[in-house]
Amino acid sequence: MVRCQCTWTCCEMLSPLRFKYSSALVSFSNFFPSVVTSRRSTRYPSLMATMSTVSTQEDAASNPNTHPPLQVAKRLEKFKTTIFTQMSMLAIKHGAVNLGQGFPNFDGPEFVKEAAIQAIKDGKNQYARGYGVPEFNSAIASRFKKDTGLDVDPEKEITVTSGCTEAIAATMLGLINPGDEVILFAPFYDSYEATLSMAGAKIKCITLRPPDFAVPIDELKSTITKNTRAILINTPHNPTGKMFTREELNVIASLCIENDVLVFTDEVYDKLAFEMDHISMASLPGMFERTVTMNSLGKTFSLTGWKIGWAIAPPHLTWGVRQAHSFLTFATSTPMQWAAVAALKAPDSYYEELKRDYSAKKAILVEGLNAVGFKVFPSSGTYFVVVDHTPFGLENDIAFCEYLIKEVGVVAIPTSVFCLNPEDGKNLVRFTFCKDEGTLRAAVERMKGKLKRK
(Lines give C-alpha, C1' and ligand atoms only; values in the text may rest on other atoms or scores of the structure.)
Protein backbone atom coordinates (compact mmCIF):
# COMPACT_ATOMS: atom_id res chain seq x y z
CA MET A 1 0.00 0.00 0.00
CA VAL A 2 1.38 3.40 -0.95
CA ARG A 3 0.16 6.88 -0.32
CA CYS A 4 -1.17 8.90 -3.25
CA GLN A 5 1.65 11.08 -4.54
CA CYS A 6 -0.45 13.51 -6.54
CA THR A 7 -0.55 17.21 -5.78
CA TRP A 8 -4.30 17.70 -6.10
CA THR A 9 -5.79 19.90 -3.42
CA CYS A 10 -8.51 17.30 -2.83
CA CYS A 11 -5.87 14.71 -1.92
CA GLU A 12 -4.19 17.16 0.41
CA MET A 13 -7.50 17.52 2.21
CA LEU A 14 -7.80 13.74 2.34
CA SER A 15 -4.23 13.15 3.44
CA PRO A 16 -5.21 10.54 6.05
CA LEU A 17 -6.60 8.36 3.29
CA ARG A 18 -4.50 5.73 1.52
CA PHE A 19 -5.14 4.64 -2.05
CA LYS A 20 -3.84 1.52 -3.77
CA TYR A 21 -2.53 2.87 -7.06
CA SER A 22 0.08 0.22 -7.89
CA SER A 23 2.08 1.99 -10.64
CA ALA A 24 -0.61 4.56 -11.40
CA LEU A 25 0.77 7.38 -9.27
CA VAL A 26 -0.02 10.77 -10.75
CA SER A 27 1.55 14.19 -10.36
CA PHE A 28 1.38 17.48 -12.11
CA SER A 29 4.73 16.77 -13.69
CA ASN A 30 3.13 14.16 -15.96
CA PHE A 31 -0.13 16.06 -16.28
CA PHE A 32 0.47 18.42 -19.15
CA PRO A 33 1.80 16.13 -21.89
CA SER A 34 -1.54 14.33 -21.97
CA VAL A 35 -3.25 17.10 -23.87
CA VAL A 36 -6.13 16.30 -26.17
CA THR A 37 -7.88 18.82 -28.33
CA SER A 38 -11.56 18.00 -28.19
CA ARG A 39 -12.94 19.73 -25.11
CA ARG A 40 -11.38 21.48 -22.14
CA SER A 41 -13.02 18.91 -19.87
CA THR A 42 -10.84 16.15 -21.37
CA ARG A 43 -7.54 17.99 -21.46
CA TYR A 44 -6.20 16.50 -18.25
CA PRO A 45 -6.41 12.99 -16.78
CA SER A 46 -8.49 13.07 -13.64
CA LEU A 47 -7.69 11.57 -10.29
CA MET A 48 -11.02 9.75 -10.39
CA ALA A 49 -10.15 8.16 -13.74
CA THR A 50 -6.87 6.90 -12.33
CA MET A 51 -8.59 5.51 -9.30
CA SER A 52 -11.20 3.78 -11.43
CA THR A 53 -8.50 1.49 -12.83
CA VAL A 54 -8.22 -0.14 -9.45
CA SER A 55 -10.59 -2.98 -8.71
CA THR A 56 -12.94 -1.92 -5.96
CA GLN A 57 -13.72 -5.51 -5.08
CA GLU A 58 -10.04 -6.42 -4.88
CA ASP A 59 -9.37 -3.45 -2.60
CA ALA A 60 -12.33 -4.27 -0.43
CA ALA A 61 -11.11 -7.84 -0.06
CA SER A 62 -7.51 -6.92 0.67
CA ASN A 63 -8.10 -3.80 2.75
CA PRO A 64 -11.41 -3.15 4.51
CA ASN A 65 -10.36 0.46 5.17
CA THR A 66 -10.15 1.37 1.47
CA HIS A 67 -12.17 4.50 0.65
CA PRO A 68 -14.33 4.90 -2.44
CA PRO A 69 -13.42 7.26 -5.27
CA LEU A 70 -13.89 10.97 -4.74
CA GLN A 71 -17.35 12.09 -5.77
CA VAL A 72 -18.68 15.23 -7.44
CA ALA A 73 -22.00 16.24 -9.00
CA LYS A 74 -22.25 15.74 -12.78
CA ARG A 75 -22.57 19.47 -13.42
CA LEU A 76 -19.06 19.96 -11.99
CA GLU A 77 -17.28 16.73 -12.85
CA LYS A 78 -15.56 18.16 -15.94
CA PHE A 79 -13.96 20.93 -13.88
CA LYS A 80 -10.65 19.98 -12.32
CA THR A 81 -8.44 21.82 -9.87
CA THR A 82 -8.17 25.36 -11.26
CA ILE A 83 -5.25 26.14 -13.51
CA PHE A 84 -4.16 28.84 -11.05
CA THR A 85 -3.82 26.32 -8.22
CA GLN A 86 -2.01 23.87 -10.49
CA MET A 87 0.50 26.42 -11.70
CA SER A 88 1.16 27.95 -8.29
CA MET A 89 1.89 24.51 -6.85
CA LEU A 90 4.20 23.74 -9.77
CA ALA A 91 5.99 27.04 -9.18
CA ILE A 92 6.75 25.96 -5.61
CA LYS A 93 7.79 22.47 -6.68
CA HIS A 94 10.26 23.70 -9.31
CA GLY A 95 11.37 26.93 -7.63
CA ALA A 96 9.97 28.92 -10.54
CA VAL A 97 9.24 32.65 -10.67
CA ASN A 98 5.46 32.86 -10.63
CA LEU A 99 4.15 35.19 -13.33
CA GLY A 100 1.07 33.02 -13.60
CA GLN A 101 -1.57 33.65 -10.96
CA GLY A 102 -2.76 37.24 -10.77
CA PHE A 103 -2.02 38.16 -7.17
CA PRO A 104 0.51 40.82 -6.16
CA ASN A 105 3.64 39.78 -4.28
CA PHE A 106 3.54 43.11 -2.45
CA ASP A 107 1.12 44.41 0.15
CA GLY A 108 -1.78 46.84 -0.02
CA PRO A 109 -1.73 50.42 1.33
CA GLU A 110 -1.11 50.97 5.02
CA PHE A 111 -4.11 53.27 5.53
CA VAL A 112 -6.48 50.49 4.47
CA LYS A 113 -4.78 47.85 6.62
CA GLU A 114 -4.82 50.20 9.60
CA ALA A 115 -8.55 50.76 9.08
CA ALA A 116 -9.09 46.97 9.24
CA ILE A 117 -7.05 46.69 12.44
CA GLN A 118 -9.00 49.55 13.99
CA ALA A 119 -12.32 47.98 13.04
CA ILE A 120 -11.30 44.73 14.71
CA LYS A 121 -10.20 46.60 17.84
CA ASP A 122 -13.48 48.53 17.83
CA GLY A 123 -15.40 45.26 18.07
CA LYS A 124 -16.81 45.19 14.54
CA ASN A 125 -16.41 41.45 14.37
CA GLN A 126 -19.88 39.89 14.25
CA TYR A 127 -22.08 39.16 11.24
CA ALA A 128 -22.59 42.14 9.01
CA ARG A 129 -25.95 42.93 7.49
CA GLY A 130 -26.46 40.40 4.70
CA TYR A 131 -26.17 42.81 1.80
CA GLY A 132 -23.46 44.98 3.32
CA VAL A 133 -22.44 47.36 6.09
CA PRO A 134 -24.50 50.54 5.38
CA GLU A 135 -21.45 52.80 5.32
CA PHE A 136 -19.73 50.53 2.80
CA ASN A 137 -22.79 50.39 0.54
CA SER A 138 -22.85 54.18 0.59
CA ALA A 139 -19.14 54.36 -0.24
CA ILE A 140 -19.69 52.04 -3.22
CA ALA A 141 -22.57 54.21 -4.43
CA SER A 142 -20.40 57.34 -4.16
CA ARG A 143 -17.56 55.78 -6.10
CA PHE A 144 -19.95 54.48 -8.78
CA LYS A 145 -21.44 57.95 -9.23
CA LYS A 146 -17.99 59.50 -9.54
CA ASP A 147 -16.94 56.88 -12.09
CA THR A 148 -20.13 56.67 -14.17
CA GLY A 149 -22.32 59.64 -13.28
CA LEU A 150 -25.07 57.26 -12.16
CA ASP A 151 -26.96 57.66 -8.89
CA VAL A 152 -27.69 54.29 -7.29
CA ASP A 153 -29.58 53.48 -4.11
CA PRO A 154 -27.12 51.87 -1.67
CA GLU A 155 -29.97 50.13 0.15
CA LYS A 156 -31.81 48.70 -2.83
CA GLU A 157 -29.24 48.41 -5.62
CA ILE A 158 -25.95 47.34 -4.04
CA THR A 159 -25.10 43.91 -2.65
CA VAL A 160 -21.76 43.30 -0.91
CA THR A 161 -20.28 39.87 -1.65
CA SER A 162 -17.26 37.79 -0.70
CA GLY A 163 -15.16 38.91 -3.63
CA CYS A 164 -16.22 39.44 -7.21
CA THR A 165 -16.17 35.67 -7.71
CA GLU A 166 -19.10 35.38 -5.32
CA ALA A 167 -20.83 38.28 -7.04
CA ILE A 168 -20.48 36.31 -10.28
CA ALA A 169 -21.87 33.15 -8.68
CA ALA A 170 -24.76 34.97 -7.00
CA THR A 171 -25.65 36.70 -10.26
CA MET A 172 -25.61 33.48 -12.29
CA LEU A 173 -27.45 31.41 -9.70
CA GLY A 174 -29.91 34.17 -8.86
CA LEU A 175 -30.85 35.26 -12.38
CA ILE A 176 -30.19 32.31 -14.71
CA ASN A 177 -32.56 29.35 -15.04
CA PRO A 178 -31.65 25.88 -16.35
CA GLY A 179 -31.59 25.98 -20.13
CA ASP A 180 -31.14 29.76 -20.41
CA GLU A 181 -28.71 30.83 -23.10
CA VAL A 182 -25.76 32.94 -21.96
CA ILE A 183 -23.08 34.37 -24.26
CA LEU A 184 -19.43 34.47 -23.16
CA PHE A 185 -16.43 36.03 -24.85
CA ALA A 186 -13.48 33.63 -24.91
CA PRO A 187 -10.91 33.45 -23.53
CA PHE A 188 -12.69 33.98 -20.21
CA TYR A 189 -12.08 33.81 -16.47
CA ASP A 190 -12.71 30.16 -15.60
CA SER A 191 -15.28 30.93 -12.90
CA TYR A 192 -17.78 32.03 -15.55
CA GLU A 193 -18.21 28.63 -17.15
CA ALA A 194 -18.25 26.80 -13.81
CA THR A 195 -20.94 28.96 -12.23
CA LEU A 196 -23.04 28.91 -15.39
CA SER A 197 -22.80 25.13 -15.33
CA MET A 198 -24.03 25.16 -11.75
CA ALA A 199 -26.97 27.26 -12.90
CA GLY A 200 -27.69 24.85 -15.75
CA ALA A 201 -27.17 27.47 -18.46
CA LYS A 202 -26.61 26.78 -22.13
CA ILE A 203 -23.36 28.54 -22.98
CA LYS A 204 -22.67 30.14 -26.34
CA CYS A 205 -19.15 31.35 -26.93
CA ILE A 206 -17.64 34.04 -29.15
CA THR A 207 -13.86 34.03 -29.45
CA LEU A 208 -11.81 37.23 -29.32
CA ARG A 209 -8.74 36.74 -31.49
CA PRO A 210 -5.34 38.44 -31.71
CA PRO A 211 -3.85 40.83 -32.46
CA ASP A 212 -6.45 43.26 -31.09
CA PHE A 213 -9.05 40.83 -29.70
CA ALA A 214 -11.83 42.90 -31.26
CA VAL A 215 -15.44 41.78 -30.88
CA PRO A 216 -16.52 40.03 -34.10
CA ILE A 217 -19.69 42.06 -34.55
CA ASP A 218 -21.23 39.96 -37.32
CA GLU A 219 -20.75 36.78 -35.30
CA LEU A 220 -22.27 38.47 -32.25
CA LYS A 221 -25.30 39.59 -34.26
CA SER A 222 -25.88 36.04 -35.49
CA THR A 223 -25.41 34.56 -32.01
CA ILE A 224 -27.64 36.82 -29.92
CA THR A 225 -31.34 36.06 -30.35
CA LYS A 226 -34.66 36.30 -28.53
CA ASN A 227 -33.62 33.08 -26.76
CA THR A 228 -30.56 34.73 -25.21
CA ARG A 229 -31.02 35.45 -21.52
CA ALA A 230 -27.75 37.25 -20.82
CA ILE A 231 -24.33 38.23 -22.13
CA LEU A 232 -21.28 38.38 -19.86
CA ILE A 233 -18.62 41.03 -20.45
CA ASN A 234 -15.28 41.46 -18.71
CA THR A 235 -13.65 44.82 -19.36
CA PRO A 236 -10.77 45.40 -18.94
CA HIS A 237 -10.50 41.80 -20.08
CA ASN A 238 -8.72 38.92 -18.38
CA PRO A 239 -6.62 37.33 -19.83
CA THR A 240 -5.99 39.48 -22.93
CA GLY A 241 -5.81 42.98 -21.44
CA LYS A 242 -8.34 44.14 -24.04
CA MET A 243 -10.67 47.00 -23.20
CA PHE A 244 -14.05 47.01 -24.91
CA THR A 245 -14.35 50.17 -26.98
CA ARG A 246 -17.30 52.52 -26.83
CA GLU A 247 -18.27 51.42 -30.34
CA GLU A 248 -18.27 47.76 -29.31
CA LEU A 249 -20.24 48.47 -26.15
CA ASN A 250 -22.80 50.52 -28.07
CA VAL A 251 -23.39 47.66 -30.50
CA ILE A 252 -23.74 45.19 -27.65
CA ALA A 253 -26.13 47.53 -25.84
CA SER A 254 -28.28 47.99 -28.94
CA LEU A 255 -28.51 44.23 -29.49
CA CYS A 256 -29.38 43.64 -25.83
CA ILE A 257 -32.16 46.22 -25.88
CA GLU A 258 -33.50 44.87 -29.18
CA ASN A 259 -33.57 41.27 -27.92
CA ASP A 260 -34.37 41.96 -24.23
CA VAL A 261 -31.07 40.53 -22.99
CA LEU A 262 -29.42 41.12 -19.61
CA VAL A 263 -25.77 42.13 -19.31
CA PHE A 264 -23.45 40.97 -16.54
CA THR A 265 -20.25 43.02 -16.43
CA ASP A 266 -17.12 42.07 -14.50
CA GLU A 267 -15.18 45.31 -13.99
CA VAL A 268 -12.62 44.36 -11.35
CA TYR A 269 -9.79 45.91 -13.39
CA ASP A 270 -11.56 49.23 -14.01
CA LYS A 271 -8.81 51.21 -12.26
CA LEU A 272 -6.09 49.47 -14.28
CA ALA A 273 -6.93 51.06 -17.62
CA PHE A 274 -3.79 52.32 -19.36
CA GLU A 275 -4.47 53.35 -22.94
CA MET A 276 -8.09 54.40 -22.80
CA ASP A 277 -10.77 55.29 -20.26
CA HIS A 278 -12.83 52.49 -18.81
CA ILE A 279 -16.50 52.59 -19.85
CA SER A 280 -19.07 50.90 -17.66
CA MET A 281 -21.88 49.27 -19.65
CA ALA A 282 -24.47 50.44 -17.12
CA SER A 283 -23.67 54.05 -17.99
CA LEU A 284 -24.84 53.69 -21.60
CA PRO A 285 -28.38 54.88 -22.46
CA GLY A 286 -31.05 52.34 -21.58
CA MET A 287 -28.59 49.85 -20.03
CA PHE A 288 -28.69 50.36 -16.27
CA GLU A 289 -32.10 48.66 -16.07
CA ARG A 290 -30.71 45.47 -17.59
CA THR A 291 -27.16 45.39 -16.21
CA VAL A 292 -25.48 43.82 -13.19
CA THR A 293 -22.12 45.52 -12.60
CA MET A 294 -19.65 43.46 -10.55
CA ASN A 295 -16.46 44.72 -8.95
CA SER A 296 -14.13 44.20 -6.00
CA LEU A 297 -11.50 45.73 -3.76
CA GLY A 298 -8.72 43.21 -4.27
CA LYS A 299 -7.18 44.19 -7.62
CA THR A 300 -7.22 47.95 -7.06
CA PHE A 301 -5.83 47.85 -3.53
CA SER A 302 -3.60 44.74 -3.74
CA LEU A 303 -5.66 42.99 -1.08
CA THR A 304 -6.87 39.93 -2.99
CA GLY A 305 -7.03 37.80 0.15
CA TRP A 306 -9.70 39.98 1.72
CA LYS A 307 -12.35 38.87 -0.80
CA ILE A 308 -14.48 42.01 -0.73
CA GLY A 309 -16.72 42.45 -3.76
CA TRP A 310 -20.07 43.88 -4.77
CA ALA A 311 -22.82 43.80 -7.37
CA ILE A 312 -24.73 46.89 -8.52
CA ALA A 313 -28.08 46.40 -10.24
CA PRO A 314 -31.60 47.83 -10.37
CA PRO A 315 -33.95 46.50 -7.68
CA HIS A 316 -35.67 43.94 -9.90
CA LEU A 317 -32.29 42.29 -10.65
CA THR A 318 -30.78 42.89 -7.22
CA TRP A 319 -33.57 40.73 -5.77
CA GLY A 320 -32.27 37.60 -7.54
CA VAL A 321 -28.64 38.39 -6.72
CA ARG A 322 -29.46 38.81 -3.04
CA GLN A 323 -31.53 35.64 -2.90
CA ALA A 324 -28.55 33.62 -4.11
CA HIS A 325 -26.08 35.57 -1.97
CA SER A 326 -28.16 34.89 1.14
CA PHE A 327 -27.64 31.16 0.74
CA LEU A 328 -24.06 31.24 -0.52
CA THR A 329 -22.28 33.27 2.16
CA PHE A 330 -25.08 35.33 3.76
CA ALA A 331 -22.62 38.02 4.83
CA THR A 332 -19.09 39.22 4.12
CA SER A 333 -16.27 39.95 6.58
CA THR A 334 -17.38 42.82 8.81
CA PRO A 335 -14.04 44.49 9.71
CA MET A 336 -12.85 44.26 6.13
CA GLN A 337 -15.98 46.06 4.93
CA TRP A 338 -15.23 48.89 7.34
CA ALA A 339 -11.68 49.05 6.02
CA ALA A 340 -13.04 49.06 2.47
CA VAL A 341 -14.93 52.27 3.32
CA ALA A 342 -11.57 53.93 3.90
CA ALA A 343 -10.20 52.42 0.69
CA LEU A 344 -13.00 53.75 -1.50
CA LYS A 345 -12.49 57.22 -0.05
CA ALA A 346 -8.91 57.26 -1.36
CA PRO A 347 -8.00 60.46 -3.21
CA ASP A 348 -7.51 60.54 -6.98
CA SER A 349 -3.77 60.67 -6.36
CA TYR A 350 -3.89 57.05 -5.14
CA TYR A 351 -5.29 55.82 -8.47
CA GLU A 352 -2.87 57.98 -10.44
CA GLU A 353 0.07 56.50 -8.56
CA LEU A 354 -1.38 53.00 -9.03
CA LYS A 355 -1.41 53.47 -12.80
CA ARG A 356 2.11 54.90 -12.86
CA ASP A 357 3.42 51.98 -10.82
CA TYR A 358 1.75 49.36 -12.97
CA SER A 359 2.75 51.12 -16.17
CA ALA A 360 6.39 50.84 -15.10
CA LYS A 361 5.98 47.15 -14.25
CA LYS A 362 4.22 46.52 -17.55
CA ALA A 363 7.06 48.19 -19.46
CA ILE A 364 9.65 45.94 -17.80
CA LEU A 365 7.73 42.79 -18.70
CA VAL A 366 6.70 43.79 -22.23
CA GLU A 367 10.20 44.96 -23.17
CA GLY A 368 11.63 41.77 -21.71
CA LEU A 369 9.19 39.48 -23.51
CA ASN A 370 9.90 41.23 -26.81
CA ALA A 371 13.64 40.85 -26.23
CA VAL A 372 13.22 37.15 -25.49
CA GLY A 373 11.47 36.65 -28.83
CA PHE A 374 7.77 36.41 -28.05
CA LYS A 375 5.15 38.08 -30.18
CA VAL A 376 3.56 40.37 -27.59
CA PHE A 377 0.00 41.57 -28.07
CA PRO A 378 -1.17 44.99 -26.85
CA SER A 379 -2.64 45.15 -23.34
CA SER A 380 -4.75 48.22 -22.64
CA GLY A 381 -5.87 47.24 -19.16
CA THR A 382 -5.57 44.68 -16.30
CA TYR A 383 -2.15 43.51 -15.15
CA PHE A 384 -1.83 40.78 -17.77
CA VAL A 385 -0.03 40.43 -21.08
CA VAL A 386 -0.77 37.73 -23.67
CA VAL A 387 1.94 36.47 -26.02
CA ASP A 388 2.28 34.04 -28.91
CA HIS A 389 4.64 31.28 -27.78
CA THR A 390 4.95 29.50 -31.15
CA PRO A 391 8.37 30.97 -32.06
CA PHE A 392 9.81 28.54 -29.51
CA GLY A 393 8.58 25.40 -31.24
CA LEU A 394 6.37 23.75 -28.61
CA GLU A 395 3.19 22.09 -29.89
CA ASN A 396 0.70 24.02 -27.76
CA ASP A 397 0.30 26.29 -24.76
CA ILE A 398 0.19 23.46 -22.24
CA ALA A 399 3.43 21.94 -23.49
CA PHE A 400 5.07 25.37 -23.56
CA CYS A 401 4.03 26.23 -20.00
CA GLU A 402 5.29 22.89 -18.73
CA TYR A 403 8.64 23.46 -20.46
CA LEU A 404 8.80 27.03 -19.16
CA ILE A 405 8.34 25.88 -15.58
CA LYS A 406 10.64 22.84 -15.62
CA GLU A 407 13.44 24.03 -17.88
CA VAL A 408 13.38 27.81 -17.55
CA GLY A 409 11.96 28.35 -14.07
CA VAL A 410 9.14 30.76 -14.94
CA VAL A 411 5.37 30.28 -14.64
CA ALA A 412 2.84 31.46 -17.21
CA ILE A 413 -0.79 30.47 -17.71
CA PRO A 414 -1.96 28.56 -20.81
CA THR A 415 -4.95 30.36 -22.31
CA SER A 416 -6.59 27.31 -23.88
CA VAL A 417 -8.06 26.51 -20.46
CA PHE A 418 -10.07 29.72 -20.79
CA CYS A 419 -11.74 28.61 -24.03
CA LEU A 420 -14.57 26.18 -24.71
CA ASN A 421 -12.57 25.06 -27.74
CA PRO A 422 -8.93 24.60 -26.63
CA GLU A 423 -7.74 25.08 -30.21
CA ASP A 424 -8.69 28.76 -29.91
CA GLY A 425 -6.07 29.36 -27.24
CA LYS A 426 -3.35 26.85 -28.00
CA ASN A 427 -0.87 29.44 -29.37
CA LEU A 428 -1.21 31.91 -26.50
CA VAL A 429 0.01 32.15 -22.92
CA ARG A 430 -0.59 34.80 -20.28
CA PHE A 431 1.95 36.52 -18.06
CA THR A 432 1.13 38.84 -15.16
CA PHE A 433 3.07 41.92 -14.10
CA CYS A 434 1.52 42.40 -10.64
CA LYS A 435 4.89 41.61 -9.09
CA ASP A 436 7.72 43.75 -7.76
CA GLU A 437 10.26 44.94 -10.32
CA GLY A 438 12.95 42.59 -9.03
CA THR A 439 10.73 39.57 -9.62
CA LEU A 440 9.83 40.73 -13.13
CA ARG A 441 13.47 41.33 -14.05
CA ALA A 442 14.49 37.94 -12.63
CA ALA A 443 11.86 36.19 -14.74
CA VAL A 444 12.96 38.04 -17.87
CA GLU A 445 16.63 37.16 -17.27
CA ARG A 446 15.77 33.48 -16.84
CA MET A 447 13.89 33.48 -20.13
CA LYS A 448 16.65 35.36 -21.94
CA GLY A 449 19.15 32.80 -20.74
CA LYS A 450 17.25 29.59 -21.43
CA LEU A 451 14.54 30.18 -24.05
CA LYS A 452 15.68 29.85 -27.64
CA ARG A 453 13.65 30.45 -30.78
CA LYS A 454 13.34 27.46 -33.10
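Two strands pair if DSSP finds at least two bridges between them. Helices (H or I, at least four residues) and strands (E, at least two) are themselves DSSP runs, numbered from the N terminus. With that in hand, take strand β5 (residues 228-234): five bridges join β5 to β6, and the two run parallel. One of the partnerships you can look up is Ile231 with Val263 in β6.

Before going further, a word on what you're looking at. This is a predicted model, in which local features need pLDDT of at least 70, side-chain atom pairs count only at pLDDT 80 or more, and totals for chains, interfaces and linings use all residues. Residues are numbered from 1 along each chain as its sequence is written, and side-chain values use heavy atoms, with hydrogens and water left out. The score called pLDDT is the predictor's confidence in each residue, from 0 to 100. Its mean over the protein is 87, and 86% of the residues reach 70 or more. Residues 1-62 are another story: pLDDT stays under 50 there.

Now zoom out. The protein has 454 residues, and 56% of them are buried (buried means under 20% relative accessible area, exposed over 50%, partly exposed in between, with a 1.4 Å probe and protein chains only). Its secondary structure comes to 16 helices and 13 strands. Look at contacts too, meaning heavy atoms within 4.5 Å. Of the contacts with a separation of 6 or more, 74% link residues 24 or more positions apart.

Back to our strands. β5 and β6 belong to an open sheet of seven strands, in the order β2-β8-β7-β6-β5-β3-β4, with mixed pairing. At the edges sit β2 (158-161) and β4 (202-207), each of which pairs on one side only. Neighbouring strands are turned by 20 degrees against each other on average, direction ignored (the axes are lines fitted to C-alpha atoms, for helices over the stretch in contact, and angles run from 0 to 180 degrees between N-to-C directions). Edge strand β4 pairs with β3 (residues 181-186) in the parallel sense, over six bridges. Here Phe185 has Ile206 in β4 as its bridge partner.

What about β6 itself? Five of its five residues are buried, so β6 is largely enclosed by the rest of the structure. Both of its faces are covered: Leu262, Phe264 and Asp266 lie on one side, Val263 and Thr265 on the other. Helix α12 (residues 315-328) lies across β2, β6, β7 and β8, and runs at about 25 degrees to β2.

Next, follow the chain to helix α15 (residues 397-408). Nine of its 12 residues are buried, so this helix, too, is largely enclosed by the rest of the structure. Among the buried ones are Phe400, Cys401 and Leu404. Their cover includes the helices α4 (83-94) and α16 (437-450), as well as strand β13 (428-432). At the start of α15, a side-chain oxygen of Asn396 reaches to within 3.1 Å of the backbone nitrogen of Ile398. After the helix comes Gly409, whose phi is positive, near 85 degrees.

Finally, find Thr82, in the loop between α3 (56-62) and α4. Thr82 is partly exposed, with a relative accessible area of 34%. Its C-alpha atom is separated by 9.3 Å from that of Val417, although the two residues are 335 apart along the chain.

Terms used
A polar contact is a pair of N or O atoms within 3.5 Å; within protein, one must be able to donate a hydrogen and the other to accept it, and residues adjacent in sequence count only if both atoms are side-chain atoms.
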